[in-house]
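Biologist: I would like to learn how to read a model piece by piece. Could you walk me through one?

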Amino acid sequence: MKHTCIIVEDEPLALEKTRDYVKKHPGLELLGCFENAKEAQTFLQNNKVDIIFLDIHMDEMSGIELLERSNIQAEVILTTAYHEYALKGFDLNVTDYLLKPFTFARFEQAVQKAVKNKERGNNNDINFIFVKTEYRLEKVFLEDLLYIEGMRDYRRLHTVSKKIMTLQTFGELESMLPSNRICRVHKSYMVAIKKIESIARDEIKIGDKIIPVSETYKKEFLAKIGK
C-alpha cells in the first residue's frame with residue numbers, strides 16, 4: 001500500500017530534490033507539488049493526503065501559517081533551512097523536522113515515522129508505550145521517562161522510578177516514541193526534552209546524569225529546542 005503525499009516548496013532546487021526522494025521511495029505516491037501555501041491549502045480542502053512535505057519560508061503564506069489556519073489531518077514533515085521555527089512546528093504536532101540539506105536516509109526516517117503514525121494514530125498524543133523486556137511487555141509512561149542509554153546489545157530506559165532493560169534497538173524505540181518529546185542526541189543516548197535541566201557545551205544534564213551530545217545529532221537536537 002502506498003501513502004499519498006504532496007510537496008509544498010518554493011525553492012526550485014529543493015523542490016526537485018524532495019520530488020526525486022519521493023519518486024525513489026517505493027511507499028510514496030506523489031499527488032502534486034505546490035510553490036506556495038495558498039495553492040496547497042486549496043488542494044487540501046478537496047483532497048485527502050497522507051503526508052505533506054512542507055517548507056516554512058514562503059511568500060504570501062508561510063508553512064506555519066498554513067498549519068495554523070487549516071484543519072490538516074495529514075502527517076506533516078517540515079523541510080527548511082531555518083531551525084528557529086522547530087519549537088513552533090512541534091507545538092503544532094508536526095511529525096518530523098528536516099533541516100536542509102537532508103540526506104535520503106534522513107528523509108526515509110521521517111517517512112517511516114509518518115507511516116507508523118498513520119497506521120496507529122498520531123503518536124504525539126500517546127502517553128505510554130510497551131517495551132519488550134525478558135518474557136513480558138513493560139509499560140512505560142512517557143511522563144516518567146528521563147533518558148535511554150545504549151549498553152552494547154541492550155538499551156536501558158531510565159525513568160523516575162525504575163530502570164528497564166530491552167533488546168529493542170534505538171531505531172525501534174524511535175519509531176514508537178513521539179519525536180517532539182524524545183530526541184536522539186548521541187549514538188548511545190536518547191533524552192526526554194522536558195527532563196533536561198541544563199545544557200553546557202556539548203553536554204546535557206538530567207538529574208545527576210551528564211549525557212554527551214555528538215556532532216551527528218547536534219544540529220537536529222538544537223533545532224528541536226529552538227537554538
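**Reading strands, helices and contacts**

Modeller: Gladly! Let us begin with Thr79, whose place is in strand E4. Keep in mind that this is a predicted model.

Biologist: Is Thr79 buried or exposed?

Modeller: The general idea is to look at relative accessible area, where buried means under 20%. Thr79 has a value of 2%, so it counts as buried.

Biologist: Which residues does Thr79 touch, leaving aside those up to four places away in sequence?

Modeller: Thr79 touches Glu9, Phe53, Leu54, Asp55, Ile56, Leu98, Lys100 and Phe102.

Biologist: Now for the sheet around that strand. In what order do the strands of the parallel open sheet run?

Modeller: For a sheet, read the strand order, then the edges, then the twist. Here 5 strands are ordered E2-E1-E3-E4-E5, with parallel pairing. The edges are strand E2 (28-34) and strand E5 (96-99); each has a single partner strand, so one side of each lacks a neighbour in the sheet. On average, neighbouring strands are turned by 20° against each other, direction ignored.

Biologist: How many bridges join E3 to E4?

Modeller: Strand E3 (residues 51-55) and strand E4 (residues 75-80) run parallel and are joined by 5 bridges. To find the register, look for a facing pair: Phe53 stands opposite Ile77 in E4. Helix H2 (residues 37-46) packs on this sheet, touching strand E1 (3-8), E2 and E3, and its direction makes about 155° with that of E1.

Biologist: Which residues of H2 are buried?

Modeller: Ala37, Ala40, Gln41 and Phe43 are buried in H2. They cover an arc of only 165° around the axis, which puts them on the same side of H2. On the face turned away from that buried side sit the exposed residues Gln45 and Asn46.

Biologist: What do the buried residues of H2 pack against?

Modeller: Their packing partners are E1, E2 and helix H3 (63-69).

Biologist: And which residue caps the N-terminal end of H2?

Modeller: For a cap, check the side chain at the helix end against the backbone. In this case Asn36 is the cap: one of its side-chain oxygens lies 3.2 Å from the backbone nitrogen of Lys38.

Biologist: Let me try the same approach on H1. How many residues does H1 have, and how far does it reach?

Modeller: Helix H1 (residues 12-24) has 13 residues and reaches 18 Å from its first C-alpha to its last, close to the 18 Å expected at 1.5 Å a residue. Its buried residues are Ala14, Leu15, Thr18, Tyr21 and Val22. Seen down the axis of H1, they fall within an arc of 130°, so they line one face of the helix. Pro12, Leu13, Lys23 and Lys24 are exposed, on the face turned away from the buried side.

Biologist: What about a charged side chain such as that of Arg106? Where is Arg106 placed?

Modeller: Arg106 lies in helix H5 (residues 104-120). With a relative accessible area of 14%, it is buried. The next step is to look for polar partners. Its side chain makes a polar contact of 2.9 Å with the side chain of Asp96, and another of 3.1 Å with the side chain of Gln109. Not counting residues up to four places away in sequence, Arg106 touches Asp96, Tyr97, Leu98 and Glu220.

Biologist: How many residues of strand E8 are buried?

Modeller: In strand E8 (residues 145-151), 5 of the 7 residues are buried, so the strand is largely enclosed by the rest of the structure. E8 pairs with strand E9 (residues 154-159) over 6 bridges in the antiparallel sense, and Gly150 has Arg155 in E9 as its bridge partner. For a hairpin, look at the turn too: there are 2 residues between these strands, and Arg152 takes a positive phi near 55°. E8 is also joined by 3 bridges to strand E12 (residues 189-192), running antiparallel; there, Glu149 stands opposite Tyr189.

Biologist: One last sheet, please. In what order are the strands of the antiparallel open sheet?

Modeller: Its 3 strands follow the order E13-E14-E15. Strand E13 (198-200) and strand E15 (209-212) stand at the edges with a single partner strand each, so one side of each is left without a neighbour in the sheet. The twist averages 25° from one strand to the next. E13 and strand E14 (residues 203-206) pair over 3 bridges, with Ala200 opposite Glu203.

Key. Residues numbered from 1 in each chain as written. Predicted model: local features only at pLDDT ≥ 70, side-chain atom pairs only at ≥ 80, totals over all residues. Heavy atoms only, no water. Helix = DSSP H or I, 4+ residues; strand = E, 2+ residues; numbered from the N terminus. Expected span 1.5 Å × (residues − 1). Buried < 20%, exposed > 50% of the residue type's maximum accessible area, 1.4 Å probe, protein only. Arc of directions from axis to C-beta. Polar contact = N/O pair within 3.5 Å; in protein donor to acceptor, adjacent residues only side chain to side chain. Contact = heavy atoms within 4.5 Å. Pairing = 2+ DSSP bridges. Axes fitted to C-alpha atoms, helices over the stretch in contact; angles between N-to-C directions.
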